[in-house]
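This report describes the fold of a protein chain for a reader who is beginning to study protein structure. Please keep the sequence and the three-dimensional view at hand while reading.

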Amino acid sequence: MLSWTRWPLVATGIGLGLVTGLTLSQRLIGQPPAPALPEPVAVAPLPRDWQSFAPVVKRVLPAVVSIEAKARTEATPKPGELDPGFGSGVLIDPAGVVLTNHHVVVATTEVEVTLQDGRKFLSKDIRRDPKSDLAIIRLEPKEALPFLEYADSARMEVGDRVLAVGAPFGLTGSVTSGIVSGKSRDNLNLNLYEDFIQTDAAVNPGNSGGPLVNMEGKVVGITAAIKTRSGGFQGVGLAVSSNLAKSVSDQLIKNGVVRRPYLGVLVSELDEATATKLKIKPDAGVVITKVFAKSPGEKANLGVGDVITTLNGQLVPTARAMQKATLALPVGEVVEAVVLRNGQPFLTRLTVEDQPDDFGTVKALKVAGLPVSYDHLGLAVVSLSPELSNRMGLPKSIQGVVVSGVTRNGLAEQSGLVRGQLIVRANKAAISTAEELRQIVEQGERDRGVVLQVLTPNGNVDFVILKLQ
């Protein structure tokens, strides 16, 4: 409590405070106003296609279809064959031309095609090219249908954004996004003729035959396969390039079949030992592994072991280079090839012919006896008999066992084995019977698997590690 004697001091302090406050207040009031803060700078919104793929999807979806098999050439698939049942496709012509994968319609005589708007069409007009895994289905619409144009796949760059559209696991109208992860993949031994675009856009069973599109909504590829160890998507999807698809579809539409140049020889890369023996570099050419009877190669007196260094003026350092050079040849014309035989070069001439329909394809494996099955591996093989060897067009000197069946998502399929391959060695040991293979598989180390040397249907030699667990 304040005493009366201190009140004068308190009053004086209050008075001084009031005077000081009024003085400062006048000074503040008299100052010019603070400058106004600048208006926020307007930031232009990102283009629509960076915010959402919806505009592209709206253009693309109406032309994407679902395909379901309605009639088959056989009641059930052969052992190891995938039952197509269901897949995707894309309309590439307003007159009703659907492009899809051959494996979607394999062994199918009638399909039902369903558009995104629910319209359904039945068709028996199916034209196929198994060598590139492509096919077209012709519909009979009463009016023009939505369709997509091809883009130039050669102009796509690694890193370009793409969308995969289809019906994974039957979920129609599904869209996934990603980028081009790789180009010109052509050494995967999935088809005889390969030019794949690799993408990380998620693709799964049911996407097959659906389009891979760029940001303009144009087709850059036809989704065909995935590389996986689990049976599901693992970041590596493969689509047949639009340039290859356009070339094939144009011929299927016009002629119903695809015609290709033919020389009648199978070739492989030179190994280092053979190249050293011939005193040439391994990339100097390709060695002939087979010459077909009555073919241009046989008529030109080419033989197994000959090395082709140039074809029609082009160097052919690899089997793929040889294939591309052959495909560029005009049918009916005479071309020149430089060949090494026993280290000595000579010039030969070949007359280019039409490729036989069954060239490079696996013939039916209808032989007496039951195949040997490895249920835990999802694999069935049959010993190579003289009859089967003749059916497959193999030299009489070759021995081995033929893969007659591969179960979907089984260890054998995950390892890379496919129906029609010929297993000639297992863990470096020559194989001539299914029983010999069984013994080696049973003795194999579970964590390491068994190393198989196989001959593919197109004549290439490959090595596969068969998983055992």
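## The barrel and its surroundings

In this predicted model, 6 strands close into a barrel, in the order E8-E9-E10-E13-E12-E11, and their pairing is antiparallel. On average, neighbouring strands of this sheet are turned by 45° against each other, direction ignored.

One of the pairings in the barrel joins strand E11 (residues 211-213) to strand E12 (residues 219-226), in the antiparallel sense and over 3 bridges. Within this pairing, Pro 211 has Ile 222 in E12 as its bridge partner. Helix H4 (residues 242-255) lies across E12 and strand E13 (237-241), and H4 runs at about 45° to E13.

Strand E9 (residues 174-185) contains Ser 184. The phi of Ser 184 is near 55°, a positive value in a residue other than glycine. Most residues other than glycine have a negative phi. Ser 184 counts as partly exposed, because its relative accessibility is 45% and the partly exposed class lies between 20% and 50%.

## The chain as a whole

The protein chain has 10 helices and 28 strands. Of its 469 residues, 43% count as buried. Among contacts between residues at least 6 apart in sequence, 60% join residues at least 24 apart. The chain exposes about 24,900 Å², and carbon and sulfur atoms supply 55% of that area.

## Strand E17 and its partners

How many of the residues of strand E17 (residues 307-311) are buried? The count is 5 of the 5, so E17 is largely enclosed by the rest of the structure. The following table lists pairings of this strand, with one pair of opposite residues for each.

| Partner of E17 | Sense | Bridges | Residue pair |
|---|---|---|---|
| E16 (residues 286-291) | antiparallel | 2 bridges | Val 286 opposite Ile 308 in E17 |
| E19 (residues 334-341) | antiparallel | 4 bridges | Val 307 opposite Leu 340 in E19 |
| E18 (residues 314-315) | antiparallel | 2 bridges | Thr 310 opposite Leu 315 in E18 |

E17 and E18 form a hairpin with 2 residues between them. In the turn of this hairpin, Asn 312 has a positive phi of about 55°.

Another asparagine, Asn 301, lies in the loop between helix H6 (296-299) and E17. The phi of Asn 301 is near 65°, again a positive value in a residue other than glycine. Is Asn 301 buried or exposed? Asn 301 counts as exposed, because its relative accessibility is 59% and the cut-off for this class is over 50%.

Helix H7 (residues 319-327) contains Thr 326. This threonine is buried, with a relative accessible area of 11%, which is a value under the 20% cut-off. Leaving aside its neighbours within four places in sequence, Thr 326 is in contact with Pro 261, Leu 263 and Leu 311. The last of these, Leu 311, belongs to the residue range of E17, 307-311.

## The nonpolar cores

Which residues touch the most other members of the largest nonpolar core? Of the 44 residues in this core, they are Ile 67, Leu 99, Val 113 and Ile 137. Leaving aside its neighbours within four places in sequence, Leu 99 is in contact with several residues, including Gly 89, Val 90, Ile 92, Leu 134, Tyr 150, Ile 222 and Ala 245. Among these contacts, Ile 222 is the bridge partner of Pro 211 in the barrel. Apart from the largest core lies another core, of 22 residues, among them Val 403, Val 406, Leu 411 and Val 464.

## The two sides of helix H10

In helix H10 (residues 434-443), the residues Ala 434, Leu 437, Ile 440 and Val 441 are buried. Why do they lie on the same side of H10? They cover an arc of only 125° around the axis, and this places them on the same side of the helix. An α-helix has 3.6 residues a turn, so residues three or four places apart point the same way. The face of H10 turned away from its buried side carries the exposed residues Glu 442 and Gln 443.

Methods:
Residues numbered from 1 in each chain as written. Predicted model: local features only at pLDDT ≥ 70, side-chain atom pairs only at ≥ 80, totals over all residues. Heavy atoms only, no water. Pairing = 2+ DSSP bridges. Axes fitted to C-alpha atoms, helices over the stretch in contact; angles between N-to-C directions. Contact = heavy atoms within 4.5 Å. Buried < 20%, exposed > 50% of the residue type's maximum accessible area, 1.4 Å probe, protein only. Arc of directions from axis to C-beta. Core = buried A, V, L, I, M, F, W, Y, C linked by side-chain atoms within 4.5 Å. Areas by Shrake-Rupley, 256 points an atom, 1.4 Å probe, with all protein chains shown as cover.
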